[in-house]
Structure formats: C-alpha cells, structure tokens
Amino acid sequence: MAVLLTIIVLLGVGLLVFWIEPLAILGVFERLAPNVTYRVRTHRPLVALSFDDGPHPTFTPQVLEILQQHNAKATFFLIGERALRHPELVSRIKVAGHEVGNHYFMNGSTLHHSDADFLSYLEQTEKAIGITARLKLFRPPGGVAWPKQLRLARAHGYECVLGSAYPHDPIHPPVWYIRWLIEKNLVPGAIVILHDGISDPTRSIEALPHILAAGHERRLRFVSIGALVSGTAEQVDAS
C-alpha cells in the first residue's frame, strides 16, 4: 500500500511539474543535462522566441507577419525535408532577420538512428536550411536524443537548445493555458518554445500577439536565441 501511494504521489508531482513548469525546477534539469541550454542567465531585458517543425506554407507566413507587427525576432528550428520543399519560406525567414536552427531532417525520433545516420541527417538539414552563423543551434525532435548524439552534434559545432517556457502546444491545449504558461515564465533570459509546423498551430498563433504584448509591457525585447546568447556573453562570463 505504501509503495502504491508513493507511486501515485510521484506521478502526481510529475504531472504537476509537466503542466506548471515551475522555473525553480530548471536548475535540476540543468544539472542533469549540463550540455543542454534551457535559458541564459542574465538581467538584461531579453527573451528568445523559437518556433519548431516548419517551414509550413500556411502557418509560417502568419507567424512572420505577427513578429513583424510587434518588431520581434525569433529562431526557427526547421526540419530538413520540409525546408527542401519550401526553400522560398526559408529565404523569407532569413530576409526578415530571423535565425534558423537545425531540427533534424524528418519529423521523427533520433533514438533509433545509428551514429552515422544521425550525423548524415544533421548535415543534410544544415545544408537544406543554409546555416551560416558561427553559433549553430540544434533542437532534437521531441526534445529527446541520446547523450552520444548530443555529443556528436557538439563535436560538429552545434549547441543543443531546449527552453524554459513550453506550453506543450503539439497536444493542443487551450489558448488561455498557452498564454498563462509562457507569460508566467517570461523573465530575462527565458527561451520560449512554440510550433508553426504542427498540424494545427492556430491556438499558438492566436496566443502569440498577447504573449508579445505582455513581454513589451514588462519592457522585454524578443530576440533570436543567438542574439540572446551573444548579447549576454560578457555578463555570464563575469558572474
């Protein structure tokens, strides 16, 4: 009976952490995965926006229009095979001043791929989206990869980036939850994860203007992940 109660309590705590994402838990994740970036420690009023699984011919342009209206920049983690199908959208993202990151070649787990296949798909995606920045960013599909795969990516110049404000929009939560979760965690150095390439990101797109407005009210500036990292490098090193 005691074992069952313990399991129930642990499951309850896990669900609570999953849905609430308290910022206090980030330190645990950072200690468990020191080679993964969840946020940037800074007091500067900068927040990084990121969008996954694109480019999408319908939804990516909608996101770009909203970002332009709010003078916000972002990082788009693109899937290689989708980038090959929509090169004009990749160009449009770059021309608008946004950053592109590597989100693997297909929308599926890396866990069943060999080291050789993993590197091949990583490199194919890099070529498809045309990464030229000094800081190369990788976000594994679903946020999960083997530790060795992350080490291989780092050996090829990539920094693995997840985030600190993720409303689980692929499972289609209500708009109020997306807004609440992100706005709750919207502090200097935060990295926001949203999706423009899932089957129906309309809730995230509906929430986006409110999130941007909330950030501006707090005098936060929305930038790409690369800008967040480079803009705070001196402060992080000195702290």
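Visitor: Which charged end sits over the ring of W180, and how far is it from the ring's centre?

Guide: A charge sits over a ring if NZ of Lys or CZ of Arg is within 6 Å of the ring centre and within 35 degrees of the ring normal. In this predicted model, where local features need pLDDT of at least 70, side-chain atom pairs count only at pLDDT 80 or more, and totals for chains, interfaces and linings use all residues, the charged end of K184 lies over the W180 ring, 5.5 Å from its centre. Residues are numbered from 1 along each chain as its sequence is written, and side-chain values use heavy atoms, with hydrogens and water left out.

Visitor: Where is W180 found, and is W180 buried, partly exposed or exposed?

Guide: Helices (H or I, at least four residues) and strands (E, at least two) are DSSP runs, numbered from the N terminus; W180 belongs to helix α8. Buried means under 20% relative accessible area, exposed over 50%, and partly exposed in between (1.4 Å probe, protein chains only). W180 counts as partly exposed because its relative accessibility is 36%.

Visitor: Which residues make the nonpolar surface patch?

Guide: Patches are made of residues with over 30% relative accessible area and no salt bridge; like charges are joined within 9 Å, nonpolar side chains (Val, Leu, Ile, Met, Phe, Trp, Tyr) within 5 Å. A salt bridge is a side-chain nitrogen of Lys or Arg within 4 Å of a carboxyl oxygen of Asp or Glu. Here F18, W19, I20, I171, W176 and W180 make a patch of about 620 Å², with areas from the Shrake-Rupley method, using a 1.4 Å probe and, for residues, only the protein chains shown as cover. The elements giving two or more residues to this patch are α1 (2–20) and α8 (175–184); α1 gives the most, with 3 residues.

Visitor: How many aromatic pairs does a search of the whole structure find, and what is the geometry of the pair formed by F105 and Y121?

Guide: Rings of Phe, Tyr and Trp (its six-membered ring) pair if their centres lie within 6.5 Å; planes under 30 degrees apart count as stacked, over 60 as edge-to-face and the rest as tilted. The search yields 9 aromatic pairs. F105 and Y121 are stacked, at 6.0 Å centre to centre with 15 degrees between the planes. This pair joins distant parts of the chain, 16 residues apart: F105 is in the loop between β4 (99–102) and α6 (115–129), and Y121 in helix α6. F105 counts as buried because its relative accessibility is 13%, whereas Y121, at 23%, counts as partly exposed. Both belong to one aromatic cluster with Y104, F118, F138 and Y158.
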